[in-house]
Amino acid sequence: MTPIRVRYSPAPSGEIHVGNARTALFNWLFARHVGGVFVLRIEDTNREKSTEAAIAGVQDTLRWLGMDWDEGPVLQSGLAARHLEAVEQLLADGRAYRCWCTEAELRERNEAEKEAGRPPGYDGHCRELDDEHVAAYEAEGRTSVVRFRTPDEGVSRFTDVVRGEVSVEWSTIRDFVILRSDGSPLFFLANAVDDLDMGITHVIRGEDLIDTTHRVLALRDALGGGPPPVYAHLPLVLAADRAKLSKRHGADAVEDFRSLGYLPEAIVNYLALLGWSPGESAEEVLSLDELVAAFDLDRVTNSAAVFDQKKLDWVNGEWMRRLATSDLASRIEPAVREAAGERFDADVFAHAVAVGQERSSTLVQLTDQMDFLFVGDDAFAIDDEAWARLEKVERVGEVLDTAIAHVEACEWSADALNFVDVLKNLGVKPGKAMVAIYVAVEGRAQGLPAFDAIWMLGRERALLRLRAARERLGAASRAT
RNA sequence: GCCCCCAUCGUCUAGUGGCCCAGGACGCCGCCCUUUCAAGGCGGUAACGGGGAUUCGAACUCCCCUGGGGGCACCA
């Protein structure tokens with residue numbers, strides 16, 4: 001039995017888009033599920049659009065998401081000799097021919113085709129050129145490309161695992177270029193040759209490529225390449241407005257979500273749910289291992305899916321809470337340490353992560369919540385909006401006085417610090433009154449639990465902030 | 001313009017002729033819990049695009065319409 005082989009073949013022209021990452025994921029999950037081979041192939045035949053940085057970026061992103069590859073990265077540009085050989089073979093067999101038409105000529109005739117109500121595309125002008133014409137073109141100094149001769153009639157069909165029978169009339173597909181005038185191969189050719197040479201058995205990719213399959217399959221056939229691979233065209237990932245997801249919609253690349261504080265576990269989990277489902281009433285929060293075990297091409301959906309960041313937020317929150325606290329801490333420690341500098345305190349940090357873990361849905365949120373701890377007392381600031389909330393608290397002056405008195409006198413532990421009962425005795429609603437404490441101590445109306453915050457800050461620094469707030473309040477009330 | 005693909009709650013989806021006056025998840029709304037915000041618990045809102053046909057019976061099969069998406073490059 002031939003081993004199952006799949007490939008993920010991105011074009012290195014930028015960051016990995018989430019839709020693209022989803023394609024990588026489905027290939028990877030499928031390969032791991034069936035014990036096959038996952039090949040990473042970089043489709044860089046378009047040298048102008050490919051960069052070293054992008055090639056490295058693709059690998060970083062894949063690794064960060066938790067996907068590894070068994071072979072590669074194979075750079076398609078390094079396989080040029082073999083591509084050329086295939087072109088020569090097609091030329092010799094009469095399956096392809098040289099075309100000398102200039103860009104201007106093509107454009108002109110294309111317009112004419114449209115006028116005549118026919119589909120635009122190459123008209124076959126150079127199909128049967130005699131030597132005389134060729135010599136004339138060469139004398140003119142023209143350069144040529146190589147075009148593949150597509151059938152004039154008949155139907156091309158293939159069976160897609162998720163789409164079923166897919167077919168198209170050959171008459172609607174014109175002769176297409178497989179070799180540029182500079183001698184470099186195009187996607188169709190390189191794709192067909194490499195899949196053949198690499199023994200790829202399953203091609204899993206986005207639905208936007210479904211129409212190209214006929215051409216690639218015809219090329220493969222002309223090259224004498226045995227039975228075609230199994231095709232599975234995945235539904236597209238769309239933005240909320242049902243258009244193709246792009247930068248215009250905000251975050252669209254995996255790296256964007258990474259810097260927004262999303263966990264790789266969550267991204268991969270969420271992406272798996274886009275175009276695939278684990279089945280009837282099954283748990284949706286799944287680890288990579290669980291996904292591998294559950295994944296099945298048969299359960300791939302066939303209609304486009306809208307990317308919903310709200311659900312990603314939820315999945316991420318689930319993963320934030322699922323992670324061991326120490327693991328979570330290690331993921332943000334470098335950044336917090338760097339921002340804190342001298343003021344960093346390992347014990348305080350550990351405590352902050354522990355109490356922050358269940359109330360944040362992203363790493364950024366978690367980090368932001370503890371910034372009041374590692375900021376210098378002179379740099380500590382309360383924004384206007386938060387201060388307005390404090391001022392609105394009923395009997396806020398008394399609330400702050402009570403807090404100050406309690407913090408000054410109580411035993412030093414997070415439990416003993418709890419002055420909810422004292423506030424009740426004062427006759428104010430703790431739920432409302434505490435807002436003032438949050439603002440005074442943390443600089444914002446919501447954040448880490450207040451008594452933990454005070455404890456982490458230490459008696460001196462907490463009192464400094466509470467007194468400062470009381471003073472500012474006093475000054476304000478005198479002024480009015 | 002031509003070609004291809006798709007069509008269940010706002011969103012992701014379950015559903016492959018009777019188990020469905022359609023189930024789950026996110027979101028949203030309400031209540032509870034509560035030191036803020038969350039988290040958590042409980043409950044609620046909400047969908048088979050339209051029209052034909054087949055059938056004893058259609059979300060599921062077929063046809064038409066409509067809608068959405070994709071493709072038609074010397075991009076991949």
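Me: Which oxygen of RNA strand B is 2.9 Å from a polar backbone atom of alanine 445?
Reply: A sugar or linking oxygen of the strand. Bear in mind that this is a predicted model.

Me: OK, and how does the model score on ipTM and pTM?
Reply: ipTM comes out at 0.94 and pTM at 0.92. For chain A, the mean pLDDT is 90, with 96% of the residues reaching 70 or more.

Me: Back to the RNA. What atom of leucine 273 lies 2.8 Å from a sugar or linking oxygen of RNA strand B?
Reply: A backbone one, either N or O.

Me: And lysine 244, what part of the strand is 3.4 Å from its side chain?
Reply: A phosphate oxygen of RNA strand B, paired with an N or O atom in the lysine 244 side chain.

Me: Which residues come nearest to RNA strand B?
Reply: Arg180, Glu207, Glu284, Arg359 and Tyr438, out of 60 residues around the strand. On the RNA side, 72% of the strand's atoms within 4 Å of the protein belong to sugar and phosphate.

Me: How many nonpolar, polar and charged residues does that surface have?
Reply: The surface near RNA strand B has 25 nonpolar, 15 polar and 20 charged residues.

Me: Which element gives the most to it?
Reply: Helix α11, with five residues. Others that supply at least two each include β5 (145-148), β7 (164-169), α6 (187-197) and α19 (430-442).

Me: Tell me about α11 then. How many residues does it have, and how far does it reach?
Reply: It runs over residues 309-322, so to speak 14 residues, and reaches 20 Å from first C-alpha to last, close to the 20 Å expected at 1.5 Å a residue.

Me: Which of its residues are buried?
Reply: Leu312, Val315, Asn316, Gly317, Glu318, Trp319 and Met320. Their cover includes α8 (254-259), α9 (264-272), α12 (325-340) and α14 (363-369).

Me: Switching to α1. How many of its residues are buried?
Reply: 13 of 17, which leaves the helix mostly covered. α1 spans residues 18-34 and reaches 24 Å end to end by C-alpha, close to the 24 Å expected.

Me: What follows it?
Reply: Glycine 35, with a positive phi near 70 degrees.

Me: Where is aspartate 252 found?
Reply: In the loop between β11 (237-238) and α8.

Me: Why does it count as buried?
Reply: Because the relative accessibility of aspartate 252 is 7%, and the cut-off for buried is under 20%. Leaving out residues up to four places away in sequence, aspartate 252 touches His17, Val18, Leu245, Ser246, Lys247 and Phe257.

Me: What about histidine 351, where does that lie?
Reply: In helix α13, residues 346-356. Histidine 351 is partly exposed because its relative accessible area is 23%. Beyond four places in sequence, histidine 351 touches Asp452, Trp455 and Met456.

Me: How far is it from threonine 325?
Reply: 9.8 Å, C-alpha to C-alpha, with their positions 26 residues apart in sequence terms, counted as places apart.

Me: Last one, leucine 423. Buried or exposed?
Reply: Buried, because its relative accessible area is 0%. Leucine 423 has its place in helix α18 (residues 420-426). Beyond four places in sequence, leucine 423 is in contact with Val399, Val428, Ala433 and Met434.

Me: How far apart are the C-alpha atoms of leucine 423 and alanine 433?
Reply: They are separated by 7.9 Å, and the two residues are ten apart along the chain.

Technical notes:
Residues are numbered from 1 along each chain as its sequence is written. Chains are lettered from A and ligands numbered from 1 in the order in which they are written. This is a predicted model: local features need pLDDT of at least 70, side-chain atom pairs count only at pLDDT 80 or more; totals for chains, interfaces and linings use all residues. Side-chain values use heavy atoms; hydrogens and water are left out. Helices (H or I, at least four residues) and strands (E, at least two) are DSSP runs, numbered from the N terminus. The expected span of a helix is 1.5 Å times one less than its number of residues. Buried means under 20% relative accessible area, exposed over 50%, partly exposed in between (1.4 Å probe, protein chains only). Contact means heavy atoms within 4.5 Å. pLDDT is the predictor's confidence in each residue, from 0 to 100. A residue is near a molecule or strand if one of its heavy atoms lies within 4 Å of it. A polar contact is a pair of N or O atoms within 3.5 Å; within protein, one must be able to donate a hydrogen and the other to accept it, and residues adjacent in sequence count only if both atoms are side-chain atoms. Ala, Val, Leu, Ile, Met, Phe, Trp, Tyr, Cys and Pro count as nonpolar, Asp, Glu, Lys and Arg as charged, and the others, Gly among them, as polar.
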